[in-house]
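This briefing covers helix packing, nonpolar cores and cysteines. Please look over the sequence and the structure before reading on.

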Amino acid sequence: MDRRLRRVAERAVDGWLKGDQMARVLRRTLPSSGLTLEERERVAGVVHRVVRHRRLYEYILERKGFSLSPASLVKIALGEVEWDEGLVEDAPPPIRLSCSEAVSEILLRHVDYVERINREPETFLAVNLRRCGRREVKSMLEREGMAAEEFMPETALRTVSRGRYSKAAKEGLAHVQDPSSQLVAKITALLGGDVLDYCAGNGGKSLTMAYYGAPVFAYDKNRGKLRNLERRAEIYRVPVRVEWWPREHDVVLVDAPCSGLGAAARNPEVKYYRDLKGFPVKQKRILSEASRGCRRYLIYSVCTFTEEETEGVVEDFLRGERGFEPLPPEEVLPGILFSEELKYVRYRGRGAIIELSDIMYIAILERK
């Protein structure tokens, strides 16, 4: 990496070390950097690597006699500091896993996910099937010099990070979304009936459910996000209707706020949560609120794999809400998903873990 790009990376790392959010630092730093899109993506990749491995990097740098500066962190992230596994074999788990003590306890129970959440993230697009075919978007990307390949489910394309700035994305023909989230949207959309996306946020799953032809309504307590979703629905030309006050619907999707550990590859900051105990309490409350407007199916999903935020929330909800019963995912999902997609589904308790890319949990509850 040349000195020009290195300086931008060091400036971004310095802003993050001072307590700002990684995404906000990159939004503030990169557009004014004078770098090309490819160069910005390179810088963002280095910053992500520093955030992902900060505790491990700092441990190594101290033992190698380096200062704990942004420049040193960028240097080790670029592979310019030599070290071997022997240097860290006696380090405590939070150092080796580069996370908080609380998250370390979780990862030691789920060691098979450690490599997955620490990987370099890939970029995926959800194709707007209402307006074009997946091959058409693939060809558009390739004409812009971006590699692309079909993935699962049938809305998904895997491409390069620059694909988020592609003509297809700008013109509402596709939007950036992890395939595990696309699969949750597919399952929800194909259950039948009209769907309310109860925690819609900026509407990624709302858009994808509309791509599958479902009548989609969206609600979120954050009015700013709902207004943004209204604008996105116009750009993408899909019938997603915002509800400022939620009404009754056949299917209600609760994609609840969570620790996000299943998506840590894309947002490594979540690895440093010191306390995750508040998430299940909030998730149970939201699920109970959303259930009041559910006529038939209530879908609970989170992009994490902790027992407390997955099975724990569902079991707690079922104990308090006698009007619902869980549908066995091993009976329901084979009727919705293709056999190739089912290879990435692991049944767990009342729900299932999806491992297409991010790690997500989904449970389907039916009103009695």
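How are α11 and α12 oriented relative to each other: roughly parallel, roughly perpendicular or oblique? They are oblique to each other, because the angle between α11 and α12 is about 55° and falls outside the ranges under 35, 65 to 115 and over 145 degrees. The model is predicted.

**Helix packing**
- Helix α11 spans residues 179-189, and helix α12 spans residues 204-211.
- The axes of α11 and α12 lie 8 Å apart, and their crossing is right-handed.
- On the α11 side, the contact is made by Ser181, Gln182, Val184, Ala185, Thr188 and Ala189; α12 contributes Lys205, Thr208 and Met209.

**Nonpolar cores**
- The largest nonpolar core has 44 residues. Ile187, Leu191, Val238, Val240, Ile299, Ile354 and Ile364 touch the most other members.
- Helix α11 gives the most to this core, with five residues.
- Another core, of 40 residues, lies apart from the largest one and includes Val103, Phe279, Val313 and Val314.
- Leaving aside residues up to four places away in sequence, Val238 touches Asn128, Arg130, Leu207, Ala210, Tyr211 and Ala233.

**Cysteines**
- There are zero disulfides in the structure.
- Cys99 is in no disulfide, and the nearest cysteine sulfur, in Cys258, is 17 Å away. Cys99 is buried, at a relative accessible area of 0%.
- For Cys199, the closest cysteine sulfur is also that of Cys258, at 11 Å, which is too far for a bond. Cys199 counts as buried because its relative accessibility is 17%, and the limit is under 20%.

Definitions and conventions: Residues numbered from 1 in each chain as written. Predicted model: local features only at pLDDT ≥ 70, side-chain atom pairs only at ≥ 80, totals over all residues. Heavy atoms only, no water. Core = buried A, V, L, I, M, F, W, Y, C linked by side-chain atoms within 4.5 Å. Buried < 20%, exposed > 50% of the residue type's maximum accessible area, 1.4 Å probe, protein only. Helix = DSSP H or I, 4+ residues; strand = E, 2+ residues; numbered from the N terminus. Contact = heavy atoms within 4.5 Å. Disulfide = S-S within 2.5 Å. Axes fitted to C-alpha atoms, helices over the stretch in contact; angles between N-to-C directions. Left-handed = near helix turned anticlockwise from the far one by under 90°.
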